[in-house]
Amino acid sequence: MSTVGGLLLSAAVAAAAEGVQTPSIFKAVSTPALAIREIAWFVLGITAVIFVLVAGFALYAMIRYRRRPGAPDGEPPQVYGSARIELAWTVVPFLIVVVLFLVTARYIYGIERRVQPPGALEVTVVGNQWWWEIRYPKLGIVTANELHLPVSDAARPTPTFITLQSADVIHSFWVPQLAGKMDVIPNKTNRVWIEPHVPGTYVGQCAEYCGLQHALMLLLVVVHPRDEFERWAAAQRGPAREVSAARAGRELFASLACINCHTVRGTPANGVFGPDLTHLMSRRTLGAGAARNTRENLRAWVDDPALFKPGALMPAMRLSREDLDQLTAYLVTLE
Ligand code: CUA
């Protein structure tokens, strides 16, 4: 158990060390998230005033009317009913709720009204137990657990329009610094759009309980400068690398059940139930944030994913040490 704890901890530490920011809605860097931060401050402001008033009156009453030595025993005189006061504490909160409702409705409408401009990037994100499939239908890219986007600046506004689908149960797509939450529902297509203005790596998390490993359903969003994104896309579009030294491992991979669930483009592996492995080593983590994507972790993952992620749908492969070494040697060539 301590090994698993150590590995998980090192994954978390590594992610923190590699410049991933704390996912706070107050550190918004993208258009809909900026609007959400605005309304969050507005609501917090109103509720803060209410809190100060209510707590202030309560404190005042406690101190002003505290029990003093020599005061007469028994109940103080009781006051019953005051139409004026009751009306005030019904009407005022009602008006506050109406204001909050109208302002919220205006923001939601403003965000959802946006139509997709011609230059927008289109991405389909599919929630799976417990990982994210990321497809770029127009670019011919399929990857997992890492959403790469170009930054959107005034010179070339590039919002990203995301289509959300689920392969199994209800998940929720949430990258606090980029946009609000959106449920990911089987047999229903939801949409969100984001327009990040600052390059960087942002962390998202499934925000709807979806089973045992709901907590390990992380999503990294990497916002690149434009030319860097083009390079990333070009590398992802290419077929899998064929390294002659890893030939034995490649043949082993093709002979195992791996290919029923995983795709490696340019090979017989074309399964669709698990993450596409064509460019596996370009990704930072294994198992949607369960561990850092290193050779050692990869080998341990193939041997038994439950070491990092109990309940993961990938079975333990139970290979011999030699086969495991060969398979790992092949997988690490998939850059
Ligand atoms: Cu997917 Cu929680």
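In the hairpin formed by S2 and S3, four residues lie between the strands, and Gly140 takes a positive phi near 70 degrees. I should state at once that this is a predicted model, and that what I describe was computed from it.

Let me stay with these strands. S2 covers residues 131-136, and S3 covers residues 141-144. The two run antiparallel and are joined by four bridges. Within that pairing, Ile134 has Thr143 in S3 as its bridge partner. S2 also pairs with S1, residues 121-128, again in the antiparallel sense, here through five bridges. On that side, Val125 stands opposite Ile134. Ile134 of S2 is thus flanked by a partner in S1, Val125, and by a partner in S3, Thr143. As to burial, S2 is mostly covered, with five of its six residues buried.

The connection between S1 and S2 deserves a separate remark. It is a hairpin through two residues. Trp130 lies in this loop, and the peptide bond joining Gln129 to Trp130 is cis, with omega of about -5 degrees. As a general point, most peptide bonds are trans, and most residues other than glycine have a negative phi.

That brings me to two residues with positive phi that are not glycines. Asn187 has a phi of about 60 degrees, and Ala288 has one near 55 degrees. Asn187 sits in the loop between strand S7, 182-184, and strand S8, 190-194. Ala288 is placed in the loop between S11 and strand S12, the latter being 291-292. Is each of them buried or exposed? Asn187 is exposed, with a relative accessible area of 86%. Ala288, by contrast, counts as buried, because its relative accessibility is 1% and the cut-off for buried is under 20%.

I turn next to strand S10, residues 218-224. Six of its seven residues are buried, so the strand is largely enclosed by the rest of the structure. What are its pairing partners? S4, residues 146-150, runs parallel to S10 and is joined to it by five bridges. S9, residues 200-205, pairs with S10 in the antiparallel sense over six bridges. For orientation on the screen, Glu146 stands opposite Leu220 in S10, and the bridge partner of Gly204 in S10 is Leu219.

Now the aromatic residues. The structure holds seven aromatic pairs. One of them is formed by Phe253 and Tyr330; the pair is tilted, at 5.5 Å centre to centre and with 55 degrees between the planes. The two residues are 77 apart in the chain, so this pair links distant parts of it: Phe253 belongs to helix H5, residues 247-255, and Tyr330 to helix H8. Is Phe253 buried or exposed? Phe253 is buried, since its relative accessible area is 3%. Tyr330 is likewise buried, at 1% relative accessibility.

There is also an aromatic cluster, made up of Tyr136, Phe229 and Trp232.

Two basic side chains lie over tryptophan rings. Arg114 lies over the face of Trp193, at 4.5 Å from the ring centre. Lys181 lies over the face of Trp174, with 4.5 Å as the distance from the ring centre.

Finally, the largest pocket. Its volume is about 690 Å³. Its lining comprises 34 residues, and those nearest the centre are His262, Gly274, Pro275, Trp301 and Met314. By character, the lining residues divide into 24 nonpolar, seven polar and three charged.

Which elements supply at least two residues of this lining? They are helix H6, 258-261; strand S11, 285-286; helix H7, 295-303; and helix H8, 321-331. Of these, H7 gives the most, with three residues. Two of these elements have already appeared in this talk: H8 carries Tyr330 of the tilted pair, and S11 precedes the loop that holds Ala288.

To close, I would draw attention to three places in the model: Ile134 in S2, with Val125 opposite and Thr143 as its partner in S3; the cis bond between Gln129 and Trp130; and the pocket lining, to which H7 gives the most.

How values were computed. Residues are numbered from 1 along each chain as its sequence is written. This is a predicted model: local features need pLDDT of at least 70, side-chain atom pairs count only at pLDDT 80 or more; totals for chains, interfaces and linings use all residues. Side-chain values use heavy atoms; hydrogens and water are left out. On a 1 Å grid over the protein atoms alone, a cavity is a set of points where a 1.4 Å probe fits but cannot get out, and a pocket is an open set with protein on both sides within 12 Å along at least five of seven lines; lining residues have an atom within 4 Å of a point. Grid points are joined across faces, edges and corners, and a volume is the space filled by probe spheres set on the points. Ala, Val, Leu, Ile, Met, Phe, Trp, Tyr, Cys and Pro count as nonpolar, Asp, Glu, Lys and Arg as charged, and the others, Gly among them, as polar. Rings of Phe, Tyr and Trp (its six-membered ring) pair if their centres lie within 6.5 Å; planes under 30 degrees apart count as stacked, over 60 as edge-to-face and the rest as tilted. Buried means under 20% relative accessible area, exposed over 50%, partly exposed in between (1.4 Å probe, protein chains only). A charge sits over a ring if NZ of Lys or CZ of Arg is within 6 Å of the ring centre and within 35 degrees of the ring normal. Two strands pair if DSSP finds at least two bridges between them.
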